[in-house]
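Here is a short briefing for a reader who is new to this structure. Please look over the sequence and the model before reading on.

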Amino acid sequence: MVLALTVVPGWAQSGAAQREVAGAPAAALPRLIVGSKISSLPKGWPLVVTVGLAHPSLFAANARASAEGDIVMEAPEGGWDRLLTVEVFLRKNGEKLLVHWPLRKAGSRPGTVKLTAAAPYVLLHHIVLSAEETAQLASGQYFIIARLDATPGAADKGWKGVQGSDHVLWLTEKSDGMPANEDCGFVLNSYEYLSAIGRDEEALRLIDDFLPKAPVGVAAACFAKRAALAEAAGELTLARDLSCKAAEDSFVAIRASEKARKDGEPAPYYARSTFTEDCGRLTEVVGPQPKDKRP
C-alpha cells in the first residue's frame, strides 16, 4: 500500500537518508525522520508513528551546529500529499513484502516549514492505527519507509530535494499475561495515541483513572509521565507527589527483581533513577511531602 501523507522522539529507532538536488549546499540538507517511541509493539496496542523534518544541527557536533544554515520548505498547491509517500513492508523469508495497513494521518500539517539551529525539528504529522486495527495484523518485522520528493517544480519557494527515512517495527504477540487495564506500557501507548488524534482530555483521564488502581511495582513510568504533565502545567506540588511515587514504585520493582534472583546469579547493577532525581529536585522547590500523605 502506498499512503500519501501530509507533511522526538522516536528518532532513536529511525533511519534517514537524503540526496542533494538543485545545487542545495550539503550543510543545508534537512532530514526526514520517521519513527516511534517503541520498536516492539504488542498486537492490540495502538500504533503511533511520527513524521517530521530535522535541521542537520541536531546530528552535528556543537562546533558545527552554529554554522548550519536555515532551511525553508513550502507546501505546493494541494499540500504535502503531493510530495510524501509511506509504504509498509513485512520481512518474510528474507524478503520485504509490501503490505496494506489502514494507516491514518493525524496532527500537525504546517504549510511552511522553517528549520534552524535554534528550532531544529518540525512535526509534520502522526501516522496511527487503533488498538483494534493492530490486533488484526500478522506479527513479524515491518519496515515503515517514507519518501519526500521535493524536486524542482514541486513548489515555487524553499528547499528542493529528495529525502528518505525508515523505521523498523516488530509487531509481537502479547505474552506476559497482564491485562491491558493493569499494564502501564499499554496505558502510556494509549495516551500517545489519544493525544496524537486530538483527544487530549481523554488521554489525561486514562492515566488518572489508571494510577489509583495500578499494581504496585509496575507503574513507575506512568507516575513519572503524569508528573511530567503536571510540572508542565505548573502543578508543582502534584508533580512532586507523583515523582516521589514513581521513585517508590521503582524501588519496589528493584526489590522484587532482587528477590527473584536465583542463587549464584550476579547481583544486578542499579543506578540512581531519574524518578529519584526528579523527586529530589521538586522537593527542593516545593518542600517535602507532609507525613500524613506519605505512603
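How far apart are the sulfur atoms of Cys244 and Cys279? They lie 2.1 Å apart, and the two residues form a disulfide. Keep in mind that this is a predicted model. The points below cover the disulfides, two helix contacts and two single residues.

**Disulfides**

- The whole structure was searched, and 2 disulfides were found.
- Counting bonded cysteines along the chain, the pattern is 1-2, 3-4.
- Cys184 and Cys222 make up one disulfide, with 2.2 Å between their sulfur atoms.
- Cys184 belongs to helix 3 (residues 184-196) and Cys222 to helix 5, so this disulfide ties together parts that are 38 residues apart in sequence.
- The link of Cys184 and Cys222 is right-handed, with 120 degrees about the S-S bond.
- Cys184 and Cys222 are both buried.
- Cys244 and Cys279 form a disulfide too.
- Here the chain is linked between distant parts: Cys244 sits in helix 6 (residues 236-260) and Cys279 in helix 7 (residues 274-286), 35 residues apart.
- The S-S torsion of Cys244 and Cys279 is about 85 degrees, so this disulfide is right-handed.
- Cys244 is buried, and Cys279 is buried as well.

**Helix 4 against helix 5**

- Helix 4 spans residues 200-210, and helix 5 spans residues 220-232.
- Their axes come within 10 Å and cross at roughly 130 degrees.
- An angle from 115 to 145 degrees counts as oblique, and helix 4 and helix 5 are therefore oblique to each other.
- The crossing of helix 4 past helix 5 is left-handed.
- From helix 4, the residues in this contact are Leu204, Ile207, Asp208 and Phe210.
- They meet Cys222, Lys225, Arg226 and Leu229 of helix 5.
- By class, this contact between helix 4 and helix 5 has 5 nonpolar, no polar and 3 charged residues.
- Cys222 thus has two roles to note: it takes part in the contact with helix 4, and it is bonded to Cys184.

**Helix 5 against helix 7**

- Helix 5 also packs with helix 7, at an angle of about 35 degrees.
- The axes of helix 5 and helix 7 are 11 Å apart.
- Helix 5 passes helix 7 in a crossing that is left-handed.
- Ala220, Ala221, Ala224 and Glu231 are the residues from helix 5.
- Phe275, Arg281 and Leu282 are their partners in helix 7.
- The contact of helix 5 with helix 7 has 5 nonpolar, no polar and 2 charged residues by class.

**Arg240**

- Arg240 is placed in helix 6.
- Is Arg240 buried or exposed? Its relative accessibility is 4%, under the 20% cut-off, so Arg240 counts as buried.
- Arg240 and Asp278 are 38 residues apart along the chain, and 7.7 Å separates their C-alpha atoms.
- With neighbours within four places in sequence left aside, the contacts of Arg240 are Leu282, Thr283, Val286, Gly287, Pro288, Gln289 and Pro290.
- Leu282 appears here and also in the contact of helix 5 with helix 7.

**Asn93**

- Where is Asn93 found? Asn93 is in the loop between strand 7 (84-92) and strand 8 (95-99).
- Asn93 has a positive phi, near 55 degrees, and is a residue other than glycine.
- Most residues other than glycine have a negative phi.
- Asn93 has 75% relative accessibility, so this residue counts as exposed.

Note on methods:
Residues numbered from 1 in each chain as written. Predicted model: local features only at pLDDT ≥ 70, side-chain atom pairs only at ≥ 80, totals over all residues. Heavy atoms only, no water. Axes fitted to C-alpha atoms, helices over the stretch in contact; angles between N-to-C directions. Helix = DSSP H or I, 4+ residues; strand = E, 2+ residues; numbered from the N terminus. Parallel < 35°, antiparallel > 145°, perpendicular 65-115°, else oblique. Left-handed = near helix turned anticlockwise from the far one by under 90°. Contact = heavy atoms within 4.5 Å. Nonpolar A, V, L, I, M, F, W, Y, C, P; charged D, E, K, R; others polar. Disulfide = S-S within 2.5 Å. Buried < 20%, exposed > 50% of the residue type's maximum accessible area, 1.4 Å probe, protein only.
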